[in-house]
Amino acid sequence: MRLAYESAAVRVPATTANMGPGFDSFGMAFRYYDEVEVRPVTGPTRVEIEGVGAGTVPTDDDNLVVRALRDGLETVGAPQAGFEMRCVNRIPHGGGLGSSASAVVAGLMLARGLISDPEALDDDLVFARATEFEGHPDNVAPAVFGGATVAWTQADGAPRMAPMPVDAELPVSLLVPPETTRLSTEEARKVLPDSVPRADALFNTSRAAVLMLALAGRPDLLMAGTEDRLHQEYRRGVLPASMAVMDSLRAQGYPAVISGAGPTVLVLADMAPQMRLALERHGWTVLSPGIDLAGARLLPAD
């Protein structure tokens, strides 16, 4: 395998995971993107970052996108190089919108865009390699394939996914809290118990099935389909503001859940203007991006 192109560019969507009862399995992609362009060079790697993470994330070979790019090249036996990379980051870091999964997928897709045989690094292989980085496939699957997905891990450790039918016109709102409330996935997982009562497991099994029906065109089932007993309540102590917003919204009939490990709140509905304004006055960002059906895509490079 050889490097056949002078540059490559990619767009990768933000994602949610852990959707309501779909803990570690249900995900969805949004029309809200990070964009990255790369050029192989003979000198050292240099990364320019615009937007989220500027001044804080690594700008050399320690950058997560670069590490994933190198993994992709190694996977298909392509040579390594130095890289000039430009990242336009919009997805919040530590916000529960899949920023690390998107970064890894971006790097692997850039490797595809540079090599002489792009099909050697197809979507299934990108999904598998990105899951190796992430440890869980639920954010990776929608980042790669788009839409709504269910992901799981086989007994042999291999990741698998399948698309879930989803109404592409379903409105979505993302409520992103102020920067000071960011939470790492590791911190959020520490508060989860090692086991749960059987009644809670049965509750989530039924609600997950209801959510699948709701996403496919039964919005009247969204409130029931977004109920959860496996993970959200246990995180109340580390996500007090997000849980309070979620509780308030649900009390008013909005199907709201914690996005990923939080602290972003996902609402499967449009927000009333007065509610948007109230949140924005308290430093929250309210996004209405719509559902992305395409997943990660290579773009024409400049």
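**Exercise 1. Aromatic pairing**

Task: In this predicted model, find how many aromatic pairs the structure holds, and classify the geometry as stacked, tilted or edge-to-face.

Solution.
Step 1. Count: the structure holds one aromatic pair.
Step 2. Name the partners: they are Phe127 and Phe145, with ring centres 5.9 Å apart.
Step 3. Check the distance: centres must lie within 6.5 Å to pair, and 5.9 Å passes.
Step 4. Read the angle: the planes meet at 65°. Planes over 60 degrees apart count as edge-to-face, so Phe127 and Phe145 are edge-to-face.
Step 5. Place the rings: Phe127 belongs to helix α3 (residues 123-134) and Phe145 to helix α4 (residues 140-145). The two are 18 residues apart, and the pair links distant parts of the chain.

**Exercise 2. Burial of the two rings**

Task: Is Phe127 buried or exposed? How does Phe145 count?

Solution.
Step 1. Phe127 has a relative accessible area of 4%. Buried means under 20%, so Phe127 is buried.
Step 2. Phe145 has 23% relative accessibility. That is between 20% and 50%, so Phe145 is partly exposed.

**Exercise 3. Charges over a ring**

Task: Which charged ends sit over the ring of Phe203?

Solution.
Step 1. Take Arg207: its charged end is 3.8 Å from the ring centre.
Step 2. Take Arg229: its charged end also sits over Phe203, 3.9 Å from the centre.

**Exercise 4. The sheet**

Task: In what order do the strands of the open sheet lie, and which are the edge strands?

Solution.
Step 1. Four strands line up as β8-β9-β7-β10, with antiparallel pairing.
Step 2. The edges are β8 (256-258) and β10 (285-287), each pairing on one side only.
Step 3. Look at β7 and β9: three bridges join them, and Leu174 stands opposite Leu266 in β9.

Notes: Residues are numbered from 1 along each chain as its sequence is written. This is a predicted model: local features need pLDDT of at least 70, side-chain atom pairs count only at pLDDT 80 or more; totals for chains, interfaces and linings use all residues. Side-chain values use heavy atoms; hydrogens and water are left out. Two strands pair if DSSP finds at least two bridges between them. Rings of Phe, Tyr and Trp (its six-membered ring) pair if their centres lie within 6.5 Å; planes under 30 degrees apart count as stacked, over 60 as edge-to-face and the rest as tilted. Buried means under 20% relative accessible area, exposed over 50%, partly exposed in between (1.4 Å probe, protein chains only). A charge sits over a ring if NZ of Lys or CZ of Arg is within 6 Å of the ring centre and within 35 degrees of the ring normal.
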